[in-house]
Amino acid sequence: MRLSLLSPIIALASILPFAQYASAEKLVKSSSLNTCQDNSSFTASLFNVVLTPDNKTVSFDIVGVSSVSGNVSFGIDIIAYGISIYKKSINPCNVGLNGMCPMTNGPLDILSNVQLDQSVLSQIPSFVYGVPDIDVIVKVQINGTDNPDVSLACVEARLSTGQTVNLLGVKWATA
């Protein structure tokens, strides 16, 4: 009997978090960057990255310090729920990442937008943009082009859709 009285409340509570985001713009973002190797040659004091699929852009606002100089490549690994779902190596000179081609020692201030091809965006399942509390990490390993097997720096960012089910109403309903 107790379960039947709570069922409508639980159903309503589970729908409400999604209802408030129904008209929101689709995006995936991150505002923190962590190093993922000892003696990483890159650190950031400001890190804001937003992927907006509707206008096919990734916007970067990064302030950091680099001990890396020269031409580099980025090994990108996207990990969802502990499973690697996408790996790619890119040359920052080929994708227009200002301030990264070539990388220089010292302060780094990057404010840039990169236009993405539809072929890249089509590899991201559309449900990702609506999943609250998504568990996705993007790991970027920076390697010199003259010795690509040696990692110069490694950073990772946890992605978010800006949506959460960690709301007081949901906690009360599930309790």
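Strand β8, spanning residues 136–144, is largely enclosed by the rest of the structure, because 7 of its 9 residues are buried. Burial here refers to a relative accessible area under 20%. The structure is a predicted model, and strand β8 offers a convenient point of entry into its architecture.

The neighbours of β8 may be considered in turn. One of them is strand β5, residues 72–80, which pairs with β8 in the antiparallel sense over 9 bridges. Within this pairing, Gly 75 has Gln 141 of β8 as its bridge partner. A further antiparallel pairing joins β8 to strand β9, residues 151–159, over 8 bridges. Here Val 140 is matched with Val 155, its bridge partner in β9. Strands β8 and β9 also form a hairpin, in which 6 residues lie between the two strands. Strand β8 thus has antiparallel bridges to β5 and to β9, and 7 of its 9 residues are buried.

A second region to follow is the open sheet. Four strands compose this sheet, in the order β1-β3-β4-β7, and their pairing is antiparallel. Its edges are formed by β1 (28–30) and β7 (106–115), each of which pairs on one side only. From one strand to the next, the twist averages 5 degrees. Within the sheet order, β3 stands beside β4. Strand β3 comprises residues 42–52 and strand β4 residues 57–66, and the two pair in the antiparallel sense over 10 bridges. A specific point of register is given by Thr 43, whose bridge partner in β4 is Val 65.

These elements may now be placed in the context of the whole chain. The protein contains 3 helices and 9 strands. Read along the sequence, these elements follow the pattern α-β-β-β-β-β-β-β-α-β-β-α. In this pattern, a run of strands follows the initial helix, and a helix also closes the sequence of elements.

How much of the protein is buried? Of its 175 residues, 34% count as buried. The accessible surface of the protein amounts to about 10700 Å², and carbon and sulfur atoms contribute 57% of that area. As for contacts, those with a sequence separation of 6 or more may be examined by distance along the chain: residues 24 or more positions apart account for 63% of them.

Notes:
Residues numbered from 1 in each chain as written. Predicted model: local features only at pLDDT ≥ 70, side-chain atom pairs only at ≥ 80, totals over all residues. Heavy atoms only, no water. Buried < 20%, exposed > 50% of the residue type's maximum accessible area, 1.4 Å probe, protein only. Pairing = 2+ DSSP bridges. Contact = heavy atoms within 4.5 Å. Areas by Shrake-Rupley, 256 points an atom, 1.4 Å probe, with all protein chains shown as cover. Axes fitted to C-alpha atoms, helices over the stretch in contact; angles between N-to-C directions.
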